[in-house]
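Work through the following exercises with the sequence and the model side by side, trying each task before reading its solution.

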Amino acid sequence: MSINEDEYTTVRLPKELMEVIDNIIKSGVGSYKSRAEFIKEALRRRFEELKILAPTPELPQLEHFNISEHGVRILDRSLANGTSKGRIIDVYFKPNKVLCEYCGSDNCRHVEFALNIPKVRKILIGKGWEISKRIKET
Ligand SMILES: [Zn+2]
């Protein structure tokens, strides 16, 4: 992705402030990767306080990516901790069962979430697998 320089501007900040930010980044608190990331976050919060911008909508607790016939990777934000924004969880599909590697279960919220992703339904129903019977009709 290329950055259009016209869309950016710079601002001069006191060194002491920058050092504080650098220390925050170094310490790993909030897992900031750059000064810009920290400053954008700080500004966004201030805008929210001043009600200048509507708060950014809360991200969904569960989000999927990497769908295949073998399984789905799910990001579970409810399992976030100080250093990560969530935990990656694999849900595996087998012809006769489905398994969440995190819960070691075939009946947890991750499995339920996985089976309700339209693309997953299509794959599983297309294969005629036993587990496709567990997909709820909508
Ligand atoms: Zn699970």
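**Exercise A.** Decide whether Glu101 is buried, partly exposed or exposed, and then find which side chain meets that of Glu101 in a salt bridge.

*Solution.* Begin with the ground rules: this is a predicted model, in which local features need pLDDT of at least 70 and side-chain atom pairs count only at pLDDT 80 or more, while totals for chains, interfaces and linings use all residues. Residues are numbered from 1 along each chain as its sequence is written, and side-chain values use heavy atoms, with hydrogens and water left out.

Next, apply the accessibility classes (buried is under 20% relative accessible area, exposed is over 50%, and partly exposed lies in between, with a 1.4 Å probe and protein chains only). Glu101 has a relative accessible area of 32% and is therefore partly exposed, and Arg87, at 35%, is likewise partly exposed.

Then look for the contact, taking a salt bridge to be a side-chain nitrogen of Lys or Arg within 4 Å of a carboxyl oxygen of Asp or Glu. The side chains of Glu101 and Arg87 fulfil this with an N to O distance of 3.8 Å. Placing the pair requires the secondary structure elements, which are DSSP runs numbered from the N terminus (helices: H or I, at least four residues; strands: E, at least two). The pair links distant parts of the chain, 14 residues apart, with Glu101 in the loop between strand S4 (97-100) and helix H3 (109-115) and Arg87 in strand S3.

**Exercise B.** Locate the salt-bridge partners of Asp90 and Lys127, and state how many salt bridges are counted in total.

*Solution.* Asp90 pairs with Arg73, and the closest N and O atoms are 2.8 Å apart. This contact also links distant parts of the chain, since Asp90 belongs to strand S3 (residues 87-94) and Arg73 to strand S2, 17 residues apart. The two partners fall into separate accessibility classes: Asp90 is buried at 14%, whereas Arg73 is partly exposed at 32%.

Lys127 forms its salt bridge with Glu69, with 3.1 Å between the closest N and O atoms. Because Lys127 sits in helix H4 (residues 118-127) and Glu69 in the loop between strand S1 (62-68) and strand S2 (71-76), the pair ties together parts that are 58 residues apart in sequence. Lys127 is partly exposed at 35%, and Glu69 is partly exposed with a value of 35%. The total count is ten salt bridges.

**Exercise C.** Identify the atoms that coordinate the zinc ion, and name the geometry of its site.

*Solution.* First collect the donors, which are N, O and S atoms within 2.8 Å of the metal (3.2 Å for Na, K and Ca); water is not among the atoms, so sites may look incomplete. The zinc ion is held by SG of Cys100, SG of Cys103, SG of Cys108 and ND1 of His110, at 2.0 to 2.3 Å. Along the chain, these donors follow the spacing C-x2-C-x4-C-x1-H.

Second, test the angles: four donors count as tetrahedral if all angles lie between 85 and 135 degrees; four count as square planar and six as octahedral if opposite donors are over 155 degrees apart and all others between 65 and 115; anything else is irregular. The angles among the four donor atoms are 106 to 115°, and the site is tetrahedral. Among the ligands, Cys108 is buried at 13% relative accessibility, and His110 is buried at 1%.

**Exercise D.** Find out how many aromatic pairs the structure holds, and which residue with a positive phi lies in the loop between H1 and helix H2.

*Solution.* Rings of Phe, Tyr and Trp (its six-membered ring) pair if their centres lie within 6.5 Å, and planes under 30 degrees apart count as stacked, over 60 as edge-to-face and the rest as tilted. The structure holds one such pair. Tyr32 and Phe38 form it, with 5.0 Å centre to centre and 75° between the planes, an edge-to-face arrangement. Tyr32 is buried at 17%, and Phe38 is buried at 19%.

For the second part, the residue is Ser31, which is found in the loop between H1 and helix H2 (35-49). Its phi is near 45°, a positive value in a residue other than glycine, and Ser31 counts as buried at 16%. Asn66 also has a positive phi, about 55°, although it is not a glycine; Asn66 lies in strand S1 and is exposed at 53%.
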